[in-house]
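Student: I would like to learn how to read the features of a structure like this one. Could you take me through it, step by step?

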Amino acid sequence: MEESEQDSIIEDDTADTERQDTRHPWPYLKELFVVVGYKNDSWRMQYILCLPKKHELLAFKNSPSNLKKHIQVCYLGKRYKNLTAAPLKRKSSTSDEGSSKQLKLWDVKRVSQKSVDEFILNFVIQGLHPGCIVEQQGFKAMINHLQPDVAIMSRGTMKNRVEKATVEMKKNLKAAMNEVEFIATTTDCWTAHRRSFLGVTAHWIETETMTRCSVALACKQLRGSHTFDSVARALNDIHTEFNIRDKIVRTTTDNGSNFIKAFRERQSESDASENSEGEEREQEGNINLIEATTLLNEDDGLEYQLPRHHRCACHLLNLVSTVDVSDANANATYKRLSRSAFSKCWGLWNKSGRSTAAAEIIEEKCKLQLLRPNDTRWNSMYLAVERIIRIMREQGEGAITAVCTTLKLPMFSPAEIAFLSEYVKIMCPVAKAIDVLQGETNVQMGWLIPTITLLKTKLQHLRLSSKCCVPLIDALQSGLQKDPELIAASILVPKFRRCWTRDEGLLQLGLDYIKSHLKELPVTVSDSTPSSEEEDFFSPIKQGNLQENTKQLESYLACPDDTMEVLKSFPAVLNLSLPLNTPLPASAACERLFSTAGLIFRPKRFAFPLIWGWFHFPIV
């Protein structure tokens, strides 16, 4: 008995020694099988997941198929479904364990170093992260956990790659805009962290898909005062840099005096140049000698070529709803109610904005926080008053009364509450019109006049039921103006055509504009034959051109399809619609650019110099 036990011990020691000395034939199976020994050209393996039960398997020296079958028989659950999906083959090479490349039982996707670098670059740019994030321990730990075998680029490498991506993106953008015939831009000035910036965005309509494309051209620092000449110089430089100066049909800006003067000077210079040409023709018989040096050194004011100007419709509507309504104060009743009601509103807004204790009391009793008006945010006054009325509607007038009592503020009278409710009801269509016009993807210039026309109609209906805000409605309606070119743009949008108004005189004004400009367009037909230069020169006076273009206009107006793609069926109408509807009615796109830029110009964010490509919208 003792001899058998001793032999068993010796045998176990021998097995342990053999197990320690034996190299695993399939290193990728170390987590599942342990080598017990070697017998008759086969490996004796112990399945780890069967422990503490000892179950040995034999696997031929160059094939682990028996091990695979054991896994399939014992564990057919979902947990090991992917584990047994891959074929098991042992590489016949006798190289060492570190250099051999074995296929794994489970499916693991390998990612290349180049792919990891690209994703890190996109992560930093799209997330507006500082360049130093690639050196943070948490970021490195995350990447190493996901892909242990890849290297993480340094901060300097990140900066260099962003600069290279910027140059490549700018090159691609120039190539894309080079194929476009009509481009519109929006621009605005912005100040943050004691620095001034000028932002410019470009927009056009892709003729193949009839969808709008938007990109950011610049967000550059504007040094010095924001005078009209410095703004004009900066805009001209940006337009020249991208070779789009002759393609821009309109530039939309806010109603800042520097922008208005810059574009007004451009118009004045153009008119002056035309007048000077006329005077030269009248005096061409009189020849005077002029010193060439004096003529070359003279500043004629025509060094900056700016496109046509369009004032932001949303900014205009906001001014109408906040500044022009002061004309309603001519009515004594309206003036008394508005001043008393808004003074009490401002008392609440100031308290909640300056005192954390007051903000906590308001949130406790009203279940909502108050919104404070902001002069640079459209609809902010309407939204602030609407929040007060909403609290009264949901929590009752007692909630606002309790807040005023606790904060020792004057309480609202029933007449003032009725005035604020009517104010919100009247200003709601104006706020919705601003929200519609500040769109970008599906909005064209042709949306402006139908939106304003519908707004005036709604205000007229509200005037019939208004009790104390009739002067407000009259002030709003007097601030809304119309333009024949904008009416024509609305007719050339398939969504509207002639269904947005019943005013035949208004529609005729737009149709006359369209017909007058169709005369100047050559006939655009798909089967046209090449013509000589002489025929192209006299083509505008051919009667057949006008008849064909007019026929296309009539067919377009009668077509029931309301999608933008229908314009491709009427080439003459499309050629006139593109320059009219490429511009945007509002400069909200540039406002969105500054909202993104504000995240970059934070002190902790400004890790390395601002790079142009970071501000580009994707070309869609």
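Student: Let's begin with the aromatic rings. How many aromatic pairs does a search of the whole structure find?

Tutor: This is a predicted model, and a search through all of it gives eight aromatic pairs. To read a pair, look at the ring centres and then at the angle of the planes; angles from 30 to 60 degrees count as tilted. Take Trp 190 and Phe 197: their ring centres are 5.7 Å apart and their planes stand at 35°, so this pair is tilted.

Student: Are Trp 190 and Phe 197 buried or exposed?

Tutor: The cut-off for buried is under 20% relative accessible area. Trp 190 has 19%, so it counts as buried. Phe 197 has a relative accessibility of 2% and is buried too.

Student: Which residues form an aromatic cluster?

Tutor: One cluster is made up of Tyr 334, Phe 342, Phe 419 and Tyr 423. Keep Tyr 423 in mind, as this residue also lines the second largest cavity.

Student: Then let's go to the empty spaces. How many cavities of 30 Å³ or more are there?

Tutor: The general idea is friendly enough: rolling a probe the size of a water molecule over the atoms shows where empty space is left. Here the search finds three cavities of 30 Å³ or more. The second largest has a volume of about 60 Å³. Its lining includes Asn 318, Ser 321, Tyr 382, Tyr 423 and Met 427. The elements that contribute two or more residues are α9, α12 (380–395) and α14.

Student: Which element gives the largest share of that lining, and how do the residues of the lining divide by class?

Tutor: The largest share comes from α14, with four residues. By class, the lining of the second largest cavity has six nonpolar residues, five polar and no charged.

Student: What about the largest pocket: how much space lies in it, and which residues are closest to its centre?

Tutor: The largest pocket holds about 580 Å³ of space. There are 21 lining residues, and those closest to the centre are Asp 188, Thr 376, Arg 377, Trp 378 and Glu 591. At least two lining residues come from each of β4 (183–192), α9, α14 (414–437) and α22 (588–600). The largest share belongs to α22, which supplies five residues. The classes divide into seven nonpolar, seven polar and seven charged.

Student: Helix α9 has come up for both spaces. How many residues of α9 are buried?

Tutor: Seven of the ten residues of α9 (residues 313–322) are buried, so this helix is largely enclosed by the rest of the structure. Among the buried ones are Cys 314, His 315, Leu 317 and Asn 318. Asn 318 is also one of the residues lining the second largest cavity.

Student: Now the strands. In what order do the strands of the open sheet run, and which of them stand at the edges?

Tutor: For a sheet, follow the strand order and then look for the edges. Three strands form an open, antiparallel sheet in the order β1-β2-β3. β1 (33–39) and β3 (56–60) are at the edges with a single partner strand each, so one side of each has no neighbour in the sheet. From one strand to the next, the twist averages 35°. The antiparallel pairing of β1 with β2 (residues 42–47) runs over six bridges, and Val 34 has Gln 46 in β2 as its bridge partner.

Student: Where do I find parallel pairing, and is strand β7 covered or not?

Tutor: β4 and β7 pair in the parallel sense over four bridges, with Thr 251 in β7 as the bridge partner of Thr 185. β7 also pairs in the parallel sense with β8 (residues 309–311), over three bridges. There, Thr 253 has Arg 311 in β8 as its bridge partner. As for cover, six of the six residues of β7 (residues 248–253) are buried.

Student: Last, the backbone. Which residues other than glycine have a positive phi?

Tutor: Met 210, with a phi of about 55°, is one of them. Met 210 lies in the loop between β5 (195–206) and β6 (211–221) and is buried, with a relative accessible area of 6%. Lys 367 has a positive phi near 65°. Lys 367 is in the loop between α11 (356–366) and α12, and this residue is exposed at 58%.

Technical notes:
Residues are numbered from 1 along each chain as its sequence is written. This is a predicted model: local features need pLDDT of at least 70, side-chain atom pairs count only at pLDDT 80 or more; totals for chains, interfaces and linings use all residues. Side-chain values use heavy atoms; hydrogens and water are left out. Buried means under 20% relative accessible area, exposed over 50%, partly exposed in between (1.4 Å probe, protein chains only). On a 1 Å grid over the protein atoms alone, a cavity is a set of points where a 1.4 Å probe fits but cannot get out, and a pocket is an open set with protein on both sides within 12 Å along at least five of seven lines; lining residues have an atom within 4 Å of a point. Grid points are joined across faces, edges and corners, and a volume is the space filled by probe spheres set on the points. Ala, Val, Leu, Ile, Met, Phe, Trp, Tyr, Cys and Pro count as nonpolar, Asp, Glu, Lys and Arg as charged, and the others, Gly among them, as polar. Two strands pair if DSSP finds at least two bridges between them. Axes are lines fitted to C-alpha atoms, for helices over the stretch in contact, and angles run from 0 to 180 degrees between N-to-C directions. Rings of Phe, Tyr and Trp (its six-membered ring) pair if their centres lie within 6.5 Å; planes under 30 degrees apart count as stacked, over 60 as edge-to-face and the rest as tilted.
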